[in-house]
Amino acid sequence: MAAAAKHLTPVTLELGGKNPCYVDDDCDPQTVANRVAWFRYFNCGQTCVAPDYVLCSPHMQERLLPALQSAITRFYGEDPRGSPSLGRVVSDKHFRRLRGLLGCGRVAIGGQSDEGERYIAPTVLVDVQETEPVMQEEIFGPILPIVNVRSLDEAIDFINRREKPLALYAFSRSSQVVTQMLNQTSSGIFGGNQGFIHLTLSTLPLGVIHGKFSFDTFSHHRANLLSSSGLEKFNKLHYPPYTAHSQKLITWVLGSHRCSLL
């Protein structure tokens with residue numbers, strides 16, 4: 001903020017918590033898998049609003065895993081490494097960090113890597129514990145942990161115990177479930193039962209981004225007052241010395257009459 005102030009540059013503060021994605025038991029697993037896989041692995045998972053982990057019951061996990069495998073194969077082929085649609089990790093440092101996270105839980109899908117290409121396959125982890133490193137930091141890569149919860153209330157408690165996320169997603173055919181998740185949690189973005197591409201507004205601790213709001217946030221809205229030099233006679237009213245007459249006049253002007261000349 002000190003550096004930005006030197007140039008009158010607006011700043012905004014982005015939330016850094018992990019983005020949860022709650023999946024209710026009544027969902028169509030393939031629809032959810034399509035949307036989650038697309039946004040989790042887009043740009044090799046290196047987007048700030050991507051779903052960072054999935055919360056669901058063990059029953060939904062059993063249905064979701066083959067659906068995620070199907071979506072990944074459709075998007076990137078049998079060998080994702082050769083797909084022109086799958087990116088690479090941005091640097092060697094982040095590649096090594098991400099490869100270390102592959103040791104958390106159990107790899108259910110993917111897990112392959114190549115340091116020379118900074119390639120990590122679209123990966124899904126299961127049997128993940130809350131205390132493991134993959135659940136302690138924003139992943140920012142093509143790795144999706146699944147954490148099991150027994151109910152909506154347990155999912156809400158899990159989310160609220162952690163840092164506030166930039167984005168929170170909920171999938172359910174019940175509007176009551178989506179509304180409860182929205183009302184009982186706090187996040188920048190909230191998305192319920194929709195494609196992630198339609199999310200257009202993110203409220204942050206300092207500033208608002210996405211769409212028109214990005215332009216406004218990073219624009220210097222400069223107040224301007226333009227007046228004519230011919231009004232100097234009126235300006236004399238607020239120049240000292242202040243006589244009893246001028247004080248009375250100024251008091252009258254600044255009172256209920258709300259004159260804008262001063």
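**Exercise 1. In which loop is leucine 13 found?**

The model is a predicted one, in which local features need pLDDT of at least 70 and side-chain atom pairs count only at pLDDT 80 or more, while totals for chains, interfaces and linings use all residues. Residues are numbered from 1 along each chain as its sequence is written, and side-chain values use heavy atoms, with hydrogens and water left out.

Step 1. Leucine 13 sits in the loop between helix 1 (2-5) and strand 1, where helices (H or I, at least four residues) and strands (E, at least two) are DSSP runs numbered from the N terminus.

Step 2. Its relative accessibility is 49%, so leucine 13 counts as partly exposed; buried means under 20% relative accessible area, exposed over 50%, and partly exposed in between (1.4 Å probe, protein chains only).

**Exercise 2. Determine the strand order of the sheet and its edges.**

Step 1. The open sheet consists of 7 strands in the order 3-6-7-2-1-8-9, with mixed pairing; two strands pair if DSSP finds at least two bridges between them.

Step 2. Strand 3 (106-109) and strand 9 (189-192) each have a single partner strand, so one side of each is left without a neighbour in the sheet.

Step 3. Strand 2 (residues 53-56) runs parallel to strand 7 (residues 143-148), with 3 bridges, and cysteine 56 stands opposite asparagine 148 in strand 7. Strand 8 and strand 9 are likewise paired in the parallel sense, over 4 bridges, with alanine 170 opposite glycine 192.

Step 4. Along strand 9, Ile189 and Gly191 point to one face and are buried, whereas Phe190 and Gly192 point to the other and are not. In a regular strand the side chains alternate between the two faces of the sheet.

**Exercise 3. Compare the surroundings of two salt bridges, arginine 40 with aspartate 52 and lysine 212 with aspartate 216.**

Step 1. A salt bridge is a side-chain nitrogen of Lys or Arg within 4 Å of a carboxyl oxygen of Asp or Glu; the closest N and O atoms are 3.4 Å apart for arginine 40 and aspartate 52, and the N to O distance is 2.5 Å for lysine 212 and aspartate 216.

Step 2. Arginine 40 is buried because its relative accessibility is 0%, and aspartate 52 is buried at 2%.

Step 3. Lysine 212, by contrast, is exposed at 58%, while aspartate 216 is partly exposed at 23%. Both of these residues lie in helix 7 (residues 212-217), 4 residues apart, about one turn of the helix.
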